[in-house]
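User: Please take a close look at one buried or exposed loop residue of your choice in this model, and describe its surroundings with care.

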Amino acid sequence: MSDPFPEIKSTHSLVAKYVTKPIWEKLSRAVTKTSGFSLAQAIACAVEFDNQHCGIYAGDWDSYKVFSDVFDPLIQEYHGISADSVHTSDMDVGKINGNIDPTAPVHSTRIRVGRSIDGFGLSPGITREQRVGVENLMSKAFANLTGDLAGTYYPLTGMNEQVRQQLVDDHFLFVSGDRNLTVAGMERDWPEGRGIFHNKDKTFLTWVNEEDQLRIISMQSGGDVRAVFDRLARGIKAVGDSVKAESGKDFMLDAKYGYVHSCPTNLGTGMRASVHVDLPGYTKEGLKTLEARCEELHLQPRGTRGESGGQTGVTYDISNKHRLGYSEVQLVQKMIDGVNTLYTEDKVLKKKHGL
């Protein structure tokens, strides 16, 4: 017996391609051990919305195994990896060559990764008890951080208005109401169990229990990518060591899929290394030209949101496109080299357009 086959509104999504009737008949009644997650819960966004490219989330590490008939081919297609590929992590800042040209008009640099602690569900499936357990463990783990990483954990529950407004002003606060996250089950029991940690300099942050159990972020003004990556690597290690000391638990690390995240698009490194950089020459050439060039450089351009949203002038958010199939060092290197290339080309385009 199986449940009735759902109508998948995102007809062009990877879910529509890989959740076939025979697969549904086989898996629709299966549930995972860690958080009792089902395939129907996993594909809720693809069923509810018509605009999903991927359309699936994992509710726990087991989801990737129990529903592997769907996840494996979908992940292989999305990330362009082979069925027998393995993932290698490398956070050694000493292997990075060079840095972004100091004369490049880079406003800021930010690198984020996701991490999940073994034994707890992932945000779409995590039980209320598990979510509170992650927060309790993290508030102890954060207290062990020292030096430039030391700081304060601010739980969303019972947060006073002054603290809340400061976090909003710093662009650190994450809020509820994202339709995808809501339908995927990630905003249950909001805001319980969620919070934000940051160090004194506001250059090292961790979001607790948003889309991932942990989003670890290193950032600062200017274009010193090496310094940002170095702080991130030290921070991830310090947080991981502290979690291990407090609980005996490790981060979920899969031989094939790297660091486990709730969204399969983030598997592998889970890393987005980005800079905000001015590209006036490319702005004159047009967004299509910039997008095509970034594609060749394995980068992804996004407009930077001004107060009113949308593209403001000439500043772009440029980041690595890939997550899985490359190490962290390789992706940061691609971002550094690519941004330097874009800056060099932009100077030529500025001359061409008389800027």
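Analyst: Two residues are in contact here when they have heavy atoms within 4.5 Å of each other. The model is a predicted one, and the residue taken up here is threonine 269, which lies in the loop between β7 (258-259) and β8 (272-278). With a relative accessibility of 0%, threonine 269 counts as buried, because buried means under 20%.

Leaving aside residues up to four places away in sequence, threonine 269 touches His87, Val113, Arg115, His261, Arg323, Tyr326, Ser327, Glu328 and Leu331. One of these, arginine 323, also takes part in a polar pairing, since a polar atom of the threonine 269 side chain lies 2.8 Å from the backbone oxygen of arginine 323.

The contacts Glu328 and Leu331 lead on to helix α13, which covers residues 328-352. The 25 residues of α13 should span 36 Å at 1.5 Å a residue, and the C-alpha atoms at the ends of α13 are 36 Å apart, so the expected and computed lengths agree. After α13 comes glycine 354, which has a positive phi, near 65 degrees.

For the wider setting, the structure holds one cavity of 30 Å³ or more, and the volume of the largest cavity is about 40 Å³. The lining of this largest cavity is formed by Phe174, Val175, Leu181, Met186, Glu187, Trp190, Asn209 and Glu210, a set that divides into five nonpolar residues, one polar residue and two charged residues.

Technical notes
Residues are numbered from 1 along each chain as its sequence is written. This is a predicted model: local features need pLDDT of at least 70, side-chain atom pairs count only at pLDDT 80 or more; totals for chains, interfaces and linings use all residues. Side-chain values use heavy atoms; hydrogens and water are left out. On a 1 Å grid over the protein atoms alone, a cavity is a set of points where a 1.4 Å probe fits but cannot get out, and a pocket is an open set with protein on both sides within 12 Å along at least five of seven lines; lining residues have an atom within 4 Å of a point. Grid points are joined across faces, edges and corners, and a volume is the space filled by probe spheres set on the points. Ala, Val, Leu, Ile, Met, Phe, Trp, Tyr, Cys and Pro count as nonpolar, Asp, Glu, Lys and Arg as charged, and the others, Gly among them, as polar. Helices (H or I, at least four residues) and strands (E, at least two) are DSSP runs, numbered from the N terminus. The expected span of a helix is 1.5 Å times one less than its number of residues. Buried means under 20% relative accessible area, exposed over 50%, partly exposed in between (1.4 Å probe, protein chains only). A polar contact is a pair of N or O atoms within 3.5 Å; within protein, one must be able to donate a hydrogen and the other to accept it, and residues adjacent in sequence count only if both atoms are side-chain atoms.
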